[in-house]
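Q: I'd like a close look at a single part of this protein, and then a walk outward from there. Could you take me through it?

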Amino acid sequence: SKGISLLTLDRLNEGWPFYEERWFAGENPPRPKVDAPLWLGGEDISGKTLLLHAEQGLGDMIQFARFAAPIAARGATVILRVPMTLKRLLSEGLQASGVETIGYDDPLPAVDFLTPIMSAALVCGVTAETIPSAPYINADPARVAAWRARLPASGKPLIGIVWRGDVGTHTRARRTIPLATFARLLDAPARFVSLQLELDGEAEAALLSQSGVMHFGDDLRDFADTAALIANCDLVITIDTSVAHLAGALGKPVWIMLRHWADWRWLLDRDDSPWYPSVRLFRQSAPGDWPGVITRVRAALEDWLATRR
């Protein structure tokens, strides 16, 4: 669409209005059934209650949760409605006055206005220079300490890793690096912890075990746990997934490996991001060239480790 093209070209102020056309493409879930008008910035919302509701993926929700506080600063009470796996993270970690987080399973309150989360950038008139900066989410200190106690003591840096998308998502194949390819990083002089929720078969489990990678799987009950584990890491290396957004939102150094035709939010031909100052991007030079990406990440990792000795 024209909106996606403009956003990809970093012409954000031009792209946001056209991005509203996504509602006519049939790709979004229905809006919550509340008796309230759509708000896109026109009316005064001081003293009003606004439902800012999730849409699209978990990473999108984490990325755009930063806009809850600026909208609440207009004098409104903002109710942030999110998938249950994000509820604890954002209710604890999004320390913003005037913002309350509810989950999909919670009753819908009476509200005065309704705004889809991905429309928040349009509401705020955001350009690359005015994006609310990260970090804007905090991991719970008690949970961070509990996860630290589960990690073996070592003088080596701890690196969190993600090599494929979630099972069941339609973009999984495009965002997956075969673990056998990714494993070229795992003999570096560091400790590695898997941030994947589940492994894809016995081959992955065997390779992680052979490489000495810690994997907690089902113990990561939701994104609040993942955030606490990330807080204990020195670096996160991941494909483009919700964990990449979470690490960026926490302000953790995160290296994101991107396919050749990357998502609009990563713009073009750059290795940094105006959305997350702590991000470093590694792009495929040609479609499917994950081995080339891993080669560059491995060289960068050796340089990074050398600075920590």
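Leaving aside its neighbours within four places in sequence, which residues is Gln63 in contact with?

A: Happy to. Please keep in mind that this is a predicted model. The mean pLDDT of the chain is 91, and 95% of its residues reach 70 or more. Confidence is lowest in helix α9 (residues 202–211), with a mean of 88, and highest in strand β10 (residues 279–283), at 98.

Now to your residue. Once neighbours within four places in sequence are set aside, Gln63 is in contact with Tyr136, His245, Trp264, Arg265, Trp275 and Tyr276. Gln63 itself sits in helix α3, which spans residues 58–64. Its relative accessibility is 0%, so Gln63 counts as buried, the cut-off being under 20%. One of its partners deserves a second glance: the side chains of Gln63 and Arg265 make a polar contact at 2.4 Å.

From here we can follow Trp264 and Trp275, which are partners of Gln63. Both of them are also touched by Trp16. Not counting residues up to four places away in sequence, the other residues that Trp16 touches are Leu7, Phe64, Ala121, Leu122 and Val126. Trp16 also belongs to the largest nonpolar core, which has 101 residues; Trp16, Phe182, Ile237, Met257 and Leu301 are the ones that touch the most other members. Helix α12 (residues 290–306) gives the most to this core, with eight residues. There is also a second, separate core of seven residues, and Ala36, Leu51, Ile102 and Val111 are among them. As general background, nonpolar side chains tend to be buried together in soluble globular proteins.

Let's return to helix α3, because it has a part in covering another helix, α5: the elements over the buried residues of α5 include α3, β2 (77–82), β3 (99–103), α10 (223–231) and α11 (242–250). Within α5 (residues 84–93), the buried residues include Leu86, Leu89, Leu90 and Gly93. These lie on the same side of α5, because they cover an arc of only 90 degrees around its axis. The general rule behind such patterns is that an α-helix has 3.6 residues a turn, so residues three or four places apart point the same way.

Helix α5 then leads on to α7, since α5 and α10 are among the elements that cover the buried residues of α7. In α7 (residues 141–150), Arg143, Val144 and Trp147 are buried. Seen down the axis, the buried residues of α7 fall within an arc of 105 degrees, so they line one face of the helix. On the other side of α7, Pro141, Ala142 and Ala149 are exposed.

Just ahead of α7 comes a backbone detail worth checking on your screen. The peptide bond from Ala134 to Pro135 is cis, with omega near 5 degrees. Pro135 is in the loop between α6 (120–124) and α7. The loop between β1 (49–53) and α3 has its own detail, as Gln56 is placed there. Gln56 is not a glycine, yet it has a positive phi of about 60 degrees. With a relative accessibility of 37%, Gln56 counts as partly exposed. Asp10, in the loop between α1 (2–8) and α2 (12–19), likewise has a positive phi, of about 70 degrees, and is not a glycine. Asp10 is partly exposed too, at 31% relative accessibility. For context, most residues other than glycine have a negative phi, and most peptide bonds are trans.

Let's finish with the strands. β9 and β10 pair in the parallel sense over five bridges, and Trp255 has Arg280 of β10 as its bridge partner. β10 is mostly covered, with four of its five residues buried. In the loop between β9 (254–258) and β10 you will find Trp261. At 63% relative accessibility Trp261 counts as exposed, whereas Gln63, your starting point, is buried at 0%.

Note on methods. Residues are numbered from 1 along each chain as its sequence is written. This is a predicted model: local features need pLDDT of at least 70, side-chain atom pairs count only at pLDDT 80 or more; totals for chains, interfaces and linings use all residues. Side-chain values use heavy atoms; hydrogens and water are left out. pLDDT is the predictor's confidence in each residue, from 0 to 100. Helices (H or I, at least four residues) and strands (E, at least two) are DSSP runs, numbered from the N terminus. Buried means under 20% relative accessible area, exposed over 50%, partly exposed in between (1.4 Å probe, protein chains only). A polar contact is a pair of N or O atoms within 3.5 Å; within protein, one must be able to donate a hydrogen and the other to accept it, and residues adjacent in sequence count only if both atoms are side-chain atoms. Contact means heavy atoms within 4.5 Å. A nonpolar core is a set of buried Ala, Val, Leu, Ile, Met, Phe, Trp, Tyr and Cys residues joined through side-chain atoms within 4.5 Å. Two strands pair if DSSP finds at least two bridges between them. The arc is that of the directions from the helix axis to the C-beta atoms.
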